[in-house]
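Here are some notes for a colleague who has not yet looked at this structure. They cover confidence, cores and ring pairs.

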Amino acid sequence: MTTSRLRVWTWVHLVYLGLPAFQPIFDPTADAGDWALVAFIVVAFLPMYAMSLLRPWQARWWLTVPATVLGVLAVHFNAGAAVLFVYAAACAGLTETRRTALRWFGFLTTLTLVFGVLSATPMPYRLWNVVPPVLFIWVIGLVQIAEAARARANTELRMENARIEHLATVSERERIARDLHDLLGHSLTAVVMRAQLVEQLVAVDPERARAEVREIERTARDALSEVRATVSGWRQASLEAELDAARGALASTGVDLHVRRDPDLALLGSTEHALALAVREAITNVARHADARTCQVGIHAVDGELRVVVADDGVGGGADGNGLSGMRERIAALGGRVHRTATEGTTVTIAVPLRVAT
């Protein structure tokens, strides 16, 4: 029994403990013993009720079973004590499984009918001692089953929402990690290579060295802006911008970039963002490791796929790193694939379904 379920169990429900008092009130032959029995029923039941609220995980043993036993002991002497069976049914409906609760309802109904048959109360008054308790055992019991089911559903919903929130947080962290890796890897590679070039030019061509220093500053500022945008989740990379940046970065290392692209391809923003970051990672690897003279980039629709191919004429070889693993994860999320070959130079093929890309 959870806290939300306990809200239906208010102390107002104890008003029904007044039902056993009806017998001595309306029985002219009642004596002090009958009133003592009423007091005993109330005094014995109150701790059961209180403990079932304080220890809801043990409600069966604090209320359902004891109230049933108390009812069995008292109902033969006071027909109003059958209300204890209703309390037991309500507790069972709220705390037991549906199957177990229904068994309790059947058992309590049987007890009520048996004591009704054995009652010395003449007909038709005897029916008032049987019909209302049986009716309320089922009505109130089924209402409590429904309340328990709603509470369980709410709990499961909260747990599912918490799980979704956790997964969304993990996914966002992974996105930021991949984006920062791609972003900083590309930008810092460009800065390092231009700095090396400045070191060589400062003595022989100061004017060009100053131009390269300004380019380093621009690259660093752009990287800082993109880091801030990435953390905020606002950055949207484009293939055109990445290819322009790649052309400048590769030129500083002596690599010529050649791009062939279908002119009428219009890409969705989310797909273009993922492809642009993948191209950035591939170009960064060319600049860092390929020792190439030329790099070819092709963007074409082939066999129901959008394929982006980045190929260089460098040394090839090498193992897949974190950047390529992140690229594969990002493209796989679009239903695509990444294939790398490294025999004569390196070729990275990035393919996503056209229905996702356009």
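1. A definition comes before the ring pairs: rings of Phe, Tyr and Trp (its six-membered ring) count as a pair if their centres lie within 6.5 Å. By that criterion, the whole structure holds 5 aromatic pairs.

2. The model is predicted, and confidence should be checked before any detail. The protein chain has an average pLDDT of 81, and 87% of the residues score at least 70. For residues 1–9, however, the pLDDT is below 50, although this stretch has 28 contacts in the model beyond near neighbours in sequence. Where pLDDT is low, the predicted coordinates should not be read in detail.

3. Next, the nonpolar cores. The largest one contains 37 residues. Leu 275, Ile 283, Cys 295, Met 327, Ile 331 and Ile 350 have the most contacts inside this core. Two or more residues each come from the helices and strands α10 (239–251), α11 (269–290), β2 (294–302), β3 (305–312), α12 (322–332) and β5 (347–353). The most is given by α11, with 11 residues.

4. What does Met 327 touch, leaving aside residues up to four places away in sequence? The list is Ala 278, Glu 281, Ala 282, Val 338, Val 348 and Ile 350. Apart from the core of Met 327 lies another core, of 33 residues, including Leu 14, Phe 45, Met 48 and Val 86.

5. Phe 45 also belongs to one of the aromatic pairs, with Tyr 87 as its partner. The centres of the two rings are 4.6 Å apart and the planes are at 45 degrees, a tilted arrangement. Phe 45 sits in helix α3 (residues 32–54) and Tyr 87 in helix α5 (residues 83–95), so the pair links parts of the chain 42 residues apart. Phe 45 counts as buried because its relative accessibility is 0%. Tyr 87 is buried too, with a relative accessible area of 7%. Ring pairs join Phe 45, Tyr 49 and Tyr 87 into a cluster.

6. Why is the pair of Trp 104 and Phe 107 called edge-to-face? The planes of the two rings are at 75 degrees, with the centres 6.0 Å apart, and planes over 60 degrees apart count as edge-to-face. Trp 104 and Phe 107 both lie in helix α6 (residues 98–118), 3 residues apart, or about one turn of the helix.

7. Is each of these two rings' residues buried or partly exposed? Trp 104 counts as buried, at 16% relative accessibility, whereas Phe 107 is partly exposed, with a relative accessible area of 42%.

Technical notes:
Residues numbered from 1 in each chain as written. Predicted model: local features only at pLDDT ≥ 70, side-chain atom pairs only at ≥ 80, totals over all residues. Heavy atoms only, no water. pLDDT = per-residue confidence, 0-100. Contact = heavy atoms within 4.5 Å. Core = buried A, V, L, I, M, F, W, Y, C linked by side-chain atoms within 4.5 Å. Buried < 20%, exposed > 50% of the residue type's maximum accessible area, 1.4 Å probe, protein only. Helix = DSSP H or I, 4+ residues; strand = E, 2+ residues; numbered from the N terminus. Phe/Tyr/Trp six-rings, centres within 6.5 Å; stacked < 30°, edge-to-face > 60°.
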